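These are some notes for a colleague who is opening this structure for the first time. Please keep the sequence and the model side by side while reading the points below.

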Amino acid sequence: MEIVVNEWLLEYLRPDAPNAHREAAVQFINALVRKCDKMVIKRKSPFADKLYAYVHRSWKQFSSLHKLVFIDSDRTIIADESDLQDLPKDIAAKTPEDDKYLVELWYSKQDRIVLTTDGKLKDKLKDVPGLKIYLLGEFLPAYIA
């Protein structure tokens, strides 16, 4: 399975994040590794920008995620702009600008899922045919089982 993730993963791994958030992020990463699934991220995106900022600020905390995300191609697909297809106008119009990269990653290979903590994003895109967008809370229990 290819899973498009956004910044929730990084926020949940911060040292000052609530314990429940850190636990959920670790459970997700452990299940991802165990199942040999892949994360999908865009090289130039809010996710990548935030990861680089966190790695520079707190190398010890984020170095293992950095290795997992940017070095291990068995675990992560890193897409460039040239790998993405333009969204149809109706989907683009519904998608918040700061989340467009997530939907573009899905649209470019529609058997992917989008995993987010943004309920508003899911609501806005609920009528997009074929878009599998899940909230972490609904996805994680079955995924880690």
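1. In this predicted model, a good place to begin is helix α8, whose buried residues are L136, F139, L140 and Y143. These residues lie on the same side of α8, because they cover an arc of only 100° around the axis.

2. The opposite side of the helix deserves a look as well. On the face of α8 that is turned away from its buried side, one finds the exposed residues G137, P141 and A142.

3. What, then, covers the buried residues of α8? The cover includes the strands β1, β4 and β5 together with the helices α1 (8-13) and α2 (19-35).

4. The strands just named belong to an open sheet of five strands, arranged in the order β3-β2-β1-β4-β5 with parallel pairing. At its edges stand β3 (76-79) and β5 (133-135), each of which pairs on one side only. Between neighbouring strands of this sheet the turn is 30° on average, with direction ignored.

5. As for the individual pairings, strand β1 (residues 2-5) is joined by three bridges to strand β4 (residues 113-116), and the two run parallel; within β4, it is L115 that V5 stands opposite. Helix α8 (residues 136-144) packs on the sheet and touches β1, β4 and β5, while its direction makes about 90° with that of β5.

6. A further helix, α6 (residues 100-107), also packs on the sheet, where it touches β1, β2 (38-42), β3 and β4. The direction of α6 makes about 125° with that of β2.

7. Is strand β2 largely enclosed or largely open? Four of the five residues of β2 are buried, so the strand is largely enclosed by the rest of the structure. For a reader who wishes to check this, a residue is called buried here when its relative accessible area is under 20%.

8. Strand β2 can also be followed through its pairings. Three bridges connect β2 to β1, the two strands running parallel, and V40 in β2 is the bridge partner of V4. With β3, strand β2 pairs in the parallel sense over four bridges, and here K42 stands opposite A79 in β3.

9. As background to these pairings, the strands of a sheet pair through backbone hydrogen bonds, either in a parallel or in an antiparallel manner. In the sheet of this model the pairing is parallel.

Key:
Residues are numbered from 1 along each chain as its sequence is written. This is a predicted model: local features need pLDDT of at least 70, side-chain atom pairs count only at pLDDT 80 or more; totals for chains, interfaces and linings use all residues. Side-chain values use heavy atoms; hydrogens and water are left out. Two strands pair if DSSP finds at least two bridges between them. Axes are lines fitted to C-alpha atoms, for helices over the stretch in contact, and angles run from 0 to 180 degrees between N-to-C directions. Contact means heavy atoms within 4.5 Å. Buried means under 20% relative accessible area, exposed over 50%, partly exposed in between (1.4 Å probe, protein chains only). The arc is that of the directions from the helix axis to the C-beta atoms.
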